[in-house]
Amino acid sequence: MKNDKLKNQYRINEQIRVREVRIVGDNGSTVVPTRDALNMAREEGVDLVEISPNANPPVCRLIDYSKFLYQQKKRQKEMKAKQVKVEVKEIRFGPQTDEHDYQFKLKHAKEFLEEGNKVRAYVFFRGRSILFKEQGEVLLLRFANDLEEVGKVEGMPSLEGKKMFLYLAPKKAGEKKKSQQARDREAAEAEAKEQKKAQAQPKEEIDTEMPANGGLFANAKISADALKKLQETEE
């Protein structure tokens with residue numbers, strides 16, 4: 001069925017009834033009368049296939065029609081394989097979502113974006129909770145900021161009825177940027193590492209850093225020994 005549909009897309013040989021056509025091939029193109037083009041096809045044992053009927057004059061190729069259909073079918077399969085199906089994944093919040101629930105949904109949203117899908121996050125205001133719409137907006141803005149590394153905002157939070165929406169699209173490769181949350185985490189880890197390193201420093205290394213006062217302590221010890229000897233002499 002698909003092959004029949006593909007066959008009907010092109011006119012070949014005597015079905016081409018224009019005065020002249022443009023023949024394209026590996027060596028360029030040339031405009032010739034259609035009768036001459038048909039004779040050329042017969043001499044080469046191939047078909048005259050019209051590939052661009054709306055051009056002036058129509059564009060044709062000298063090729064075996066079965067081979068041409070095979071090439072077209074193969075090209076369509078390759079194009080279809082390259083097409084990425086983008087889905088829109090929804091993430092729902094309440095105006096007073098707790099931190100654990102927030103982090104859980106943040107994790108899933110990050111996975112969706114990394115897979116190439118879009119994310120539609122929204123805050124649903126039930127009843128009088130619409131009074132907390134500013135709180136919902138802050139939540140969505142935080143959500144967008146935390147996903148800055150993998151997603152880009154397609155529009156600021158907007159209220160539609162009882163829902164406030166935020167749309168995020170996946171970033172292309174090479175566009176990744178560390179979010180403020182990631183930068184803060186790295187800074188905290190670096191600081192903790194420095195503190196741990198300082199605590200693990202040997203005590204003797206710290207003592208050797210006091211050469212300036214070492215003379216005073218040494219002199220005090222010598223004076224004490226001298227005083228003790230003087231007292232023993234007097235006795």
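This is a short walk through one protein model, from the overall counts to a sheet, some aromatic pairs and a few charged side chains.

The model is a predicted one, so please keep that in mind throughout. There are eight helices and eight strands in the protein. The chain has 235 residues, and 25% of them count as buried. About 17500 Å² of the protein is exposed, with carbon and sulfur atoms supplying 50% of that area. On contacts: among those between residues at least 6 apart in sequence, 59% join residues at least 24 apart.

Let me start with a sheet. In what order do its four strands lie? The order is β2-β1-β4-β3, the sheet is open, and the pairing is mixed. At the edges are β2, residues 28-33, and β3, each of which pairs on one side only. On average, neighbouring strands of this sheet are turned by 40 degrees against each other, with direction ignored. Helix α2, residues 34-44, packs on the sheet and touches β1, β2, β3 and β4. The direction of α2 makes about 115 degrees with that of β2.

Now the pairings within that sheet. Strand β1, residues 20-25, runs antiparallel to β2, and six bridges connect the two. As one point to find on the screen, Val24 stands opposite Ser29 in β2. Moving to the other side, β3 covers residues 47-52 and β4 covers residues 59-63. These two strands are also antiparallel, joined by five bridges. They form a hairpin, and six residues lie between them. Ser52 has Val59 in β4 as its bridge partner.

Next, the aromatic rings. A pair of rings is described by how far apart the centres are and by the angle of the planes. How many aromatic pairs does the structure hold? It holds seven. I will show two of them.

In the pair of Tyr10 and Phe68, the ring centres are 4.9 Å apart and the planes stand at 85 degrees; that angle is over 60, so the pair is edge-to-face. Tyr10 sits in the loop between α1 and β1, while Phe68 is in helix α3, residues 65-82. The two are 58 residues apart, and the pair links distant parts of the chain. Are these residues buried or exposed? Both Tyr10 and Phe68 are buried. Together with Tyr65, they form one aromatic cluster.

The other pair is Tyr122 with Phe165. Here the centres are 5.5 Å apart and the planes are at 40 degrees, so the pair is tilted. Tyr122 belongs to strand β6, residues 118-124, and Phe165 to strand β8, residues 163-170, with their positions 43 residues apart in the count. This pair also links distant parts of the chain. Tyr122 has a relative accessible area of 7% and is buried. Phe165, at 10%, counts as buried too.

Tyr122 brings us to the charged side chains. Lys163 lies over the face of Tyr122, 4.9 Å from the ring centre. Elsewhere, the charged end of Arg142 sits over the ring of Tyr102, at 3.9 Å from its centre.

One more lysine to finish. Lys105 is in helix α4, residues 99-114. Why does Lys105 count as buried? Its relative accessibility is 19%, and buried means under 20%, so Lys105 counts as buried. Leaving out residues up to four places away in sequence, Lys105 touches Ile91, Arg92, Phe93 and Phe143.

Terms used. Residues are numbered from 1 along each chain as its sequence is written. This is a predicted model: local features need pLDDT of at least 70, side-chain atom pairs count only at pLDDT 80 or more; totals for chains, interfaces and linings use all residues. Side-chain values use heavy atoms; hydrogens and water are left out. Two strands pair if DSSP finds at least two bridges between them. Axes are lines fitted to C-alpha atoms, for helices over the stretch in contact, and angles run from 0 to 180 degrees between N-to-C directions. Contact means heavy atoms within 4.5 Å. Rings of Phe, Tyr and Trp (its six-membered ring) pair if their centres lie within 6.5 Å; planes under 30 degrees apart count as stacked, over 60 as edge-to-face and the rest as tilted. Buried means under 20% relative accessible area, exposed over 50%, partly exposed in between (1.4 Å probe, protein chains only). A charge sits over a ring if NZ of Lys or CZ of Arg is within 6 Å of the ring centre and within 35 degrees of the ring normal. Accessible areas come from the Shrake-Rupley method with a 1.4 Å probe; for residues, only the protein chains shown count as cover.
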